[in-house]
Amino acid sequence: MSALIETEKLTRVLPETVPVTLVKDITLAINEREFVAVTGPSGSGKSSLLYLLGLLDRPTAGRLRIGGRDAEPMNERERARTRLSMLGFVFQFHFLLPEFTARENVEIPMRKLGRLARPQMRERAGELLSSFGLGEHLEKRPDQLSGGQRQRVAVARSLANDPPLILADEPTGSLDSKSSEQVFAILENLVRERGKTVVAVTHDLDMAARMDRSIHIVDGKIG
Amino acid sequence: MPLIFDIAITHIAGRGRQTLVAVIGVAVGVGFSIAMAALMQGGQDDFVRQLVDTMPHVDITDEQRTARRQPAEDAFATVAISGLRPRDDRRGIINPTAATSWLESWIPGRFAASLKTQGVIRFSSREVGAAIIGIEPERESGVSPIVGNFVEGSFSALAAGGNNVLIGDTMASRLGAGFGDTITAVSAEGLTRNFKIAGLFHTGTTARDEGEAYLLLKNAQILSARPNAINEIRVKLDDPNRAPAVAQRAEAELGYKAVAWQEANESILEALVVRNVIMYTVVGAIMLVAGFGIYNIISTITHEKARDIAILKSLGFPESDMRRLFLLEGVAIGAAGSVLGALLGVSMTYTLSLVRFEIAATGQEMTRLPIAWSLMHYVIASAFALGSAAVAGYLPARRAARLNPVEIIRGAS
């Protein structure tokens, strides 16, 4: 298996009056079709690492390669383009656009990328949502869905452009146990059946134990 | 519908009441600007039209712009001249036949030669000072402001020959004379001659209605003891805007002062320019106020939609898309306000055009508000509105584009 993500001494320091180190000297490689947990106590830098891997934040030192490409020289537009085509995010809170329906939310990344015609986008969004058991809720807005349903819509949205890498920040953190299990099963299925790479930040050590491997972060470093 | 436009519409539709207030703010600004521009432009056009209609477009008189050169100045390199005394030069325009023939050959319009002198009109025991103007009726009809303004008699009565005179109705009432009465004209040279009032005109211009008397050119020449003399050529052009060029050429060729109507009314035209500057400044101020309304709503939306900005950025929207999104929201409000404002402007302008009244005390009659219907007013007001909307939208849009999605996501977690 080839590495989809590689980091070398990746460091992120907030330039405050007293500099705050979020992530320090993290060197890792995540391969294709891996299901990786990032664990650690609160404030250890798990989410910060995820935002760096997802090109939402820039490291203050170290190197990051994503899909074999060095992220350092990418400008803001290139980083956005990479997020759009190669990455899918799932956050702890669903982060859906409240004015749009479930189907429209899933269509948004596709419309931005513009690879498909509108009817194909609609069809794909419907298929994705149906595959996550949301076939009857396509035209509902987020406030008409339960927490678990919203999170499944968010997972469907992350897959809209068929990216190879899904980054999930506490995807089950705000869900009850039943919904958590459903979402976990979906993420696992993405790796096993659809060949995606999933990196998920989680507090749940039981859940992390069921993944391919765990990266444990303490005080911004791999512990 | 493009995605960004779709999101923009969703955002502003989500704040219906605030959006409506902002749109109405722009619409009122645009509507009032259009109505004000129509009224001011109408007033200006009416004023200029009166100037152009009542004045000759080019007035050639027997005066010189600069003092005549003395023969000694031509004979010697350096000359100091002192003790010059004025000469009573009453020749008028020298060789008038050649001058009028030359003008005839190229002037794009009509012209009439006349002899204008100062004198007194007497009737019964009353006297009125007047400009006594000798004219050739056939030519004068092409340039005269009085031809179509007769309350009694007609301009053609002068062409019939005889000792006829045309005077204004105000002069007639001051003299106590009426149509058909015989008045006495006294020239500056002291010569007197009787004329029968063959027409009373009313142009609405007090100075003309009260102070001008029109005779046949021959009669004026006899009255002023200046046979064959003319001292003024009045030109009406097919295109009044060509007056400065025509005046320049006529003056260069004939050597007499030729004044275009624009030059004669330079200070008035300057005042109109100043008035326009003031008008557009006021329009700009109105739009600035409307712009604050747009700024307010777009700022509120960007604040409320900070999470959406983070979502969209995490999905792969670059900063330029965020700028475009909120800029578009501002411009959409400006565009909606412009359309509504244009409709408001049309209805306000139409309502103003229906207002009728009279002002007789000033001697000028006006029976309705002068209104100018011009597409340019709508274009300018809408451009102002869209411009201020774009600026008002751009400032918060720029701020929104710079938002760090990580900070927002952390804040929400």
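**Close-up views of a two-chain predicted model**

With 11 C-beta neighbours inside 10 Å, Asn95(B) counts as exposed, in a model that is predicted throughout.

**View 1. Asn95(B) sits in a loop between two helices of chain B.** Look for the stretch that leads from helix H3 (71-75) to helix H4 (96-106) of chain B, and you will find Asn95(B) there. What is the sign of phi at Asn95(B)? Phi is positive, near 50 degrees, although Asn95(B) is a residue other than glycine. Its exposed class follows from the neighbour count, because a residue with 12 or fewer C-beta atoms within 10 Å is called exposed.

**View 2. Asp219(A) offers another positive phi in a residue that is not a glycine.** Here the value is about 50 degrees. Asp219(A) belongs to the loop that links strand S9 (213-218) to strand S10 (221-222) of chain A. Asp219(A) counts as partly exposed, because it has 14 C-beta neighbours inside 10 Å.

**View 3. An open sheet of four strands in chain A carries a helix.** Reading across the sheet, the strand order is S2-S1-S4-S5 (chain A), and the pairing is antiparallel. Which strands stand at the edges? They are strand S2 (20-31) and strand S5 (69-70) of chain A; each has a single partner strand, so one side of each is left without a neighbour in the sheet. Further in, strand S1 (residues 3-14) and strand S4 (residues 61-66) of chain A run antiparallel and are joined by five bridges. To find your place in that pair, start at Thr7(A), whose bridge partner in S4(A) is Leu64(A). Helix H1 (residues 46-53) of chain A packs on this sheet and touches S1, S2 and S4 of chain A. The direction of this helix makes about 60 degrees with that of S2(A).

**View 4. Helices H3 and H4 of chain A pack against each other.** H3 (residues 102-113) and H4 (residues 118-131) of chain A meet at an angle of about 125 degrees, and their axes are 9 Å apart. That angle makes H3(A) oblique to H4(A). The crossing of H3(A) past H4(A) is right-handed. On the H3(A) side, the residues in contact include Val106(A) and Met110(A), while those on the H4(A) side include Ala125(A) and Leu128(A). Charged side chains take part as well, among them Arg103(A) and Glu107(A) of H3(A). Taken by class, the residues of this contact divide into seven nonpolar, one polar and five charged.

**View 5. H3(A) is largely enclosed by the rest of the structure.** How many of the twelve residues of H3(A) are buried? Eleven of them are, so the helix is largely enclosed. The buried set includes Glu104(A), Asn105(A), Ile108(A), Pro109(A) and Lys112(A). What do these buried residues pack against? Their surroundings come from both chains: helix H2 (76-86), H4 and helix H5 (147-158) of chain A, together with H1 and H13 of chain B. Just after H3(A), Gly114(A) takes a positive phi of about 70 degrees.

**View 6. Chains A and B meet in a contact that takes 20 residues from chain A and 16 residues from chain B.** On the chain B side, helix H1 (3-13), helix H13 (306-315) and helix H16 (405-412) each supply at least two residues. By class, the side of chain B that touches chain A has nine nonpolar, five polar and two charged residues.

**View 7. Strand S2 of chain B pairs with S3, S6 and S9 of chain B.** Ten bridges join S2(B) to strand S3 (residues 126-135) of chain B, in the antiparallel sense, and Gly119(B) stands opposite Ala130(B) there. These two strands form a hairpin with two residues between them, and Ser124(B) in the turn has a positive phi of about 55 degrees. Strand S9 (residues 232-237) of chain B runs antiparallel to S2 (residues 109-123) and is joined to it by six bridges; within that pair, Ala112(B) has Arg234(B) as its bridge partner. Four bridges link S2(B) with strand S6 (residues 182-187) of chain B, again antiparallel, and Val120(B) partners Val186(B).

**View 8. Gly142(B) lies in a loop and touches residues far along the chain, such as Ala112(B).** The loop runs between helix H5 (137-140) and strand S4 (150-153) of chain B. Gly142(B) touches Arg110(B), Ala112(B) and Lys236(B), leaving aside residues up to four places away in sequence. The C-alpha atoms of Gly142(B) and Ala112(B) are separated by 7.6 Å, with the two residues 30 residues apart along the chain. Gly142(B) counts as partly exposed, because it has 14 C-beta neighbours inside 10 Å.

Conventions
Residues numbered from 1 in each chain as written. Chains lettered and ligands numbered in written order. Predicted model: local features only at pLDDT ≥ 70, side-chain atom pairs only at ≥ 80, totals over all residues. Pairing = 2+ DSSP bridges. Contact = placed C-beta atoms within 7 Å. Axes fitted to C-alpha atoms, helices over the stretch in contact; angles between N-to-C directions. Buried ≥ 20, exposed ≤ 12 C-beta atoms within 10 Å, placed from the backbone. Parallel < 35°, antiparallel > 145°, perpendicular 65-115°, else oblique. Left-handed = near helix turned anticlockwise from the far one by under 90°.
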